[in-house]
Amino acid sequence: MSDYKYKRVLLKLSGEALMGDTGYGIDPKVVADLASQIKEVVDDGVELAVTVGGGNIFRGVAGSAEGMDRSQADYMGMLATVMNALALQDAFERAGIPTRVLSAIEMREVAEPYIRRRAIHHMEKGRLIIFAAGTGNPYFTTDTTAALRACEIGAECVMKATKVDGIYDKDPVKYPDAVRYDEITYQEVLAKELHVMDTTATALCMDNNLPILVFDITEPGNIARALKGDAVCTTVK
């Protein structure tokens with residue numbers, strides 16, 4: 001544990017990260033690889049919580065753009081995050097990680113209701129927790145959920161999982177001359193509109209002095225490396 005800079009951590013996963021190259025839904029291999037990475041840090045004593053999106057199944061914003069009522073579309077998106085959370089729970093527990101799903105929308109047959117003190121209790125008992133159904137309110141993204149839940153449980157950082165190794169001044173896929181930041185401030189992220197997390201989430205982290213680690217989830221072992229302070233991520237602080 002002494003090798004890790006952070007003891008209690010919230011990991012933000014997008015729904016798209018779970019679908020791999022399938023284009024839709026959940027790729028079992030991707031989830032199994034993720035479980036292997038997470039088991040490494042959990043076994044080392046890191047208290048870990050996960051917030052997962054639902055974009056691989058349904059995106060509320062996309063539904064709204066097609067004419068659907070925004071609130072209704074967002075609730076459907078929240079339900080998609082519950083499906084992803086249950087898939088993650090299955091993979092994590094098969095890897096030997098005790099896991100609890102806490103949902104902001106009550107559905108007691110499949111998940112516990114989100115209660116802050118219960119979440120903290122689970123973490124103190126060595127259980128990984130997955131926050132599902134966003135905040136339970138429309139118009140809030142899962143990025144904002146991640147920042148909010150991290151503050152509520154006393155996390156020491158938010159890890160934002162992406163498919164690139166940090167934050168660049170422009171899209172590194174389109175522009176070979178893109179410059180990578182090792183560290184950057186919240187104000188710079190907002191002013192340059194770098195879209196690390198949405199504006200509300202970034203502001204919430206800034207107000208509570210909560211570092212954001214942006215890293216490449218597709219590289220095995222990167223979760224542990226980032227938490228140990230290796231140069232595999234960009235830190236927003």
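How many of the 5 residues of strand β3 (residues 99–103) are buried? The answer is 4, so β3 is mostly covered. The views below come from a predicted model.

**Figure 1. Strand β3 and its two partners.** Strand β3 spans residues 99–103. With β5, β3 pairs in the parallel sense over 5 bridges. S103 of β3 stands opposite A132 in β5. The pairing of β3 with β4 is also parallel, and covers 2 bridges. Here the bridge partner of S103 is P113 in β4. S103 thus appears in both pairings: opposite A132 and with P113.

**Figure 2. The open sheet and its edges.** The sheet is open and has 9 strands. Their order is β4-β3-β5-β2-β1-β6-β10-β11-β9. The pairing is mixed. Strands of a sheet pair through backbone hydrogen bonds, either parallel or antiparallel. The edge strands are β4 (112–113) and β9 (183–184). Each of these two pairs on one side only. At one edge, β9 meets β11 (residues 233–236) in the parallel sense, over 2 bridges. E183 has T235 in β11 as its bridge partner.

**Figure 3. Helix α2 against the sheet.** α2 (28–43) lies across three strands: β1 (8–13), β2 (47–52) and β5. The helix runs at about 150 degrees to β2. V31 is a residue of α2. V31 has a relative accessible area of 4%, under the 20% limit, and therefore counts as buried. Beyond its neighbours within four places in sequence, V31 is in contact with L18, I26, A87, L88 and A91. F131 lies 100 residues from V31 along the chain, and their C-alpha atoms are separated by 16 Å.

**Figure 4. T144 in helix α6.** T144 belongs to helix α6, which covers residues 142–153. Is T144 buried or exposed? T144 counts as buried because its relative accessibility is 6%, under the 20% limit. Residues up to four places away in sequence aside, T144 touches D198, T200, A201 and L204. Of these contacts, T200, A201 and L204 carry numbers inside the span of α8 (199–207).

**Figure 5. Two loop residues with positive phi.** A133 has phi near 70 degrees, a positive value in a residue other than glycine. A133 sits in the loop between β5 (128–132) and α6. E193 also has a positive phi, near 50 degrees, and is likewise a residue other than glycine. The loop that holds E193 runs between α7 (186–191) and α8 (199–207). Which of the terms buried and exposed applies to A133, and which to E193? A133 is buried because its relative accessibility is 0%, under the 20% limit. E193 is exposed because its relative accessibility is 57%, over the 50% limit.

**Figure 6. The largest pocket.** The space in the largest pocket is about 1200 Å³. Its lining has 48 residues, and the closest to its centre are S14, E16, R59, D143 and K160. Six elements are named as giving two or more residues to this lining: α1 (15–18), α3 (60–65), α4 (70–94), α6 (142–153), β6 (157–162) and β7 (167–168). Which element gives the most? α4 does, with 6 residues. By class, the lining has 18 nonpolar, 17 polar and 13 charged residues.

**Figure 7. The second largest pocket.** About 330 Å³ of space lies here. The lining has 15 residues. A17, V30, D33, I217 and T218 are the closest to the centre of this pocket. α1 and α2 each supply at least two lining residues. α2 gives the most, with 5 residues. By class, the lining has 7 nonpolar, 4 polar and 4 charged residues. Helix α1 also contributes two or more residues to the lining of the largest pocket.

Key:
Residues are numbered from 1 along each chain as its sequence is written. This is a predicted model: local features need pLDDT of at least 70, side-chain atom pairs count only at pLDDT 80 or more; totals for chains, interfaces and linings use all residues. Side-chain values use heavy atoms; hydrogens and water are left out. On a 1 Å grid over the protein atoms alone, a cavity is a set of points where a 1.4 Å probe fits but cannot get out, and a pocket is an open set with protein on both sides within 12 Å along at least five of seven lines; lining residues have an atom within 4 Å of a point. Grid points are joined across faces, edges and corners, and a volume is the space filled by probe spheres set on the points. Ala, Val, Leu, Ile, Met, Phe, Trp, Tyr, Cys and Pro count as nonpolar, Asp, Glu, Lys and Arg as charged, and the others, Gly among them, as polar. Buried means under 20% relative accessible area, exposed over 50%, partly exposed in between (1.4 Å probe, protein chains only). Two strands pair if DSSP finds at least two bridges between them. Contact means heavy atoms within 4.5 Å. Axes are lines fitted to C-alpha atoms, for helices over the stretch in contact, and angles run from 0 to 180 degrees between N-to-C directions.
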